[in-house]
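I opened the notebook today to go through one structure by eye and by number. These entries keep to what I looked up, in the order in which I looked it up.

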Amino acid sequence: MRSMKVVLAAGAAAIVLAGAAQAREVKVGFIITKSGGAAQFGDQIEKGARLYMKQHAKQIAPHTVRLIIRDSKRPGGPIAKAAAQELITREKVEILTGLVFSPNAMSVAPLATAAKVPVVIMNAGTSWIPSLSPYMARVSFTMWQSGYIMGEHAAKKLGCKTAASGYTNYPPGKDSVAAFARGFAAGGGKLVDSIPMGGPRDVPDFTPFFQRVKDKKPNCFYVFVPAGNHASAVVKTFRSLGMDKAGIRLVGPGDITDDTQLQGMGSAAVGLITTHHYHANLNTPTNRAFVKAWKAAYGADSTPNFMAVQGYDGMAAIYHVVKSFGGQKITADGAMAALKGWKFNSPRGPIMIDPDTRDIVQNEYISVVKAGQGGVLMQEVTGTFKAVKDQCKELKVGKCAAK
Ligand code: PHB
């Protein structure tokens, strides 16, 4: 009897040990902006990711994920590339993620391919990025998803016969206005000007660019700038030049109505119309629960924006990969196989990774900024486009023709 107990105890211990040996910590290299004007982007993405981790630890138990954060500092590629190199070779991360600015993601692509490390892109929106490496999947958005729809909407629904566009002069800006131009032409509109407005790093004085647009008197003015402090400068310049009073309508992707900037824009933002995949006012049970959890975690005055939700969903994608490997070391081919066709009920609505392009398929919302009670600004959805794919790849435009 006694020896039986000993045998049982030894057996139980062996099972516990085996379990412990199998529990793995998966290192995830997290490259985001932590300094300068774009630090708020990294902050939103990281907070979104950590909220998902806090809520869903059980999903991957007994395994865990450890984020190893690196600051990509600037919109350009070299710092992000060096960080990826170090994370792969020295930290031996099994997955790379984050990547705020498009050039950050572009510079990491060849490393992902060479080292066979899977990458989950949490922001960088230039449409053709996933075609740069077979090991990249994107959970954020593409510039064409918002731009093309806004082009058609401006021509067909807002009654704009003419439009001008202005953009931050780097790949996602060029992509965004190309998408708008294509959609606007498809809707029968005529583009009268397209103006590069400085780089993504420092917020330029938008006055000379906007004055040029005002002089041309288009019906609509489509603007892309990277969200954050660029966005509030756009809205304020538009109003201070009296462009609204001159009969010009400001439209754009939701980057220009970034939730974290909206209240600071004040009444200047009222009436602005955007297309995007997320804002904090989406009135669905999943989003209401997300915003509530966010405020509980980060303070009642804090609001998630689209980048926060991308960090949250990106971590959901990573947890899905970790779980599907069941404690085995993650491979890039296996991670991509797990992500292709992956579906998730996100705060932004249902999302899926397109198995053909490794890009996100998601709803796009047309929204208008309104002043609510006490002057608090909010965005109201006036139209929903369901399960939108990247139009750049669908229409095989330029670099998007390659898979
Ligand atoms: C990008 O660099 O791809 C980017 C950055 C900020 C945005 C949108 C796109 O708001």
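**Helix 13 and its surroundings**

I began with the buried residues of helix 13, which pack against strand 4 (119–121), strand 5 (136–138), helix 12 (306–325) and strand 12 (349–353). I note at the outset that this is a predicted model.

I then listed the buried residues of helix 13, which spans residues 332–339, and found Ala 332, Ala 335, Met 336, Ala 338 and Leu 339. They cover an arc of only 160 degrees around the axis, and therefore lie on the same side of helix 13. I set beside this the general rule that an α-helix has 3.6 residues a turn, so residues three or four places apart point the same way. Following the chain onward, I saw that Gly 341, just after helix 13, takes a positive phi of about 85 degrees.

**Disulfides**

How many disulfides does a search of the whole structure find? I got 2, and, with bonded cysteines counted along the chain, they follow the pattern 1-2, 3-4.

For the pair Cys 160 and Cys 220, I noted that the sulfur atoms are 2.1 Å apart. The torsion about their S-S bond is about 55 degrees, so I entered this disulfide as right-handed. The pair links distant parts of the chain, 60 residues apart, with Cys 160 in the loop between helix 6 and strand 6 (162–167) and Cys 220 in strand 8 (residues 220–224). Both Cys 160 and Cys 220 are buried.

For the pair Cys 392 and Cys 400, I recorded an S to S distance of 2.0 Å. Here the torsion about the S-S bond is about 95 degrees, so this disulfide is right-handed too. Because the cut-off for buried is under 20% relative accessible area, I counted Cys 392 as buried at 2% relative accessibility, and Cys 400 likewise at 3%.

**Helix 6 against helix 7**

Last, I turned to helix 6 (residues 143–156) and helix 7 (residues 171–186), which pack at an angle of about 35 degrees with their axes 7 Å apart. Helix 6 passes helix 7 in a right-handed crossing. Among the residues that make the contact I noted Met 143, Trp 144, Gly 147 and Tyr 148 of helix 6, and Pro 172, Asp 175, Phe 180 and Phe 184 of helix 7. Sorting the residues of this contact by type, I obtained 12 nonpolar, 4 polar and 3 charged.

Methods. Residues numbered from 1 in each chain as written. Predicted model: local features only at pLDDT ≥ 70, side-chain atom pairs only at ≥ 80, totals over all residues. Heavy atoms only, no water. Axes fitted to C-alpha atoms, helices over the stretch in contact; angles between N-to-C directions. Helix = DSSP H or I, 4+ residues; strand = E, 2+ residues; numbered from the N terminus. Left-handed = near helix turned anticlockwise from the far one by under 90°. Contact = heavy atoms within 4.5 Å. Nonpolar A, V, L, I, M, F, W, Y, C, P; charged D, E, K, R; others polar. Disulfide = S-S within 2.5 Å. Buried < 20%, exposed > 50% of the residue type's maximum accessible area, 1.4 Å probe, protein only. Arc of directions from axis to C-beta.
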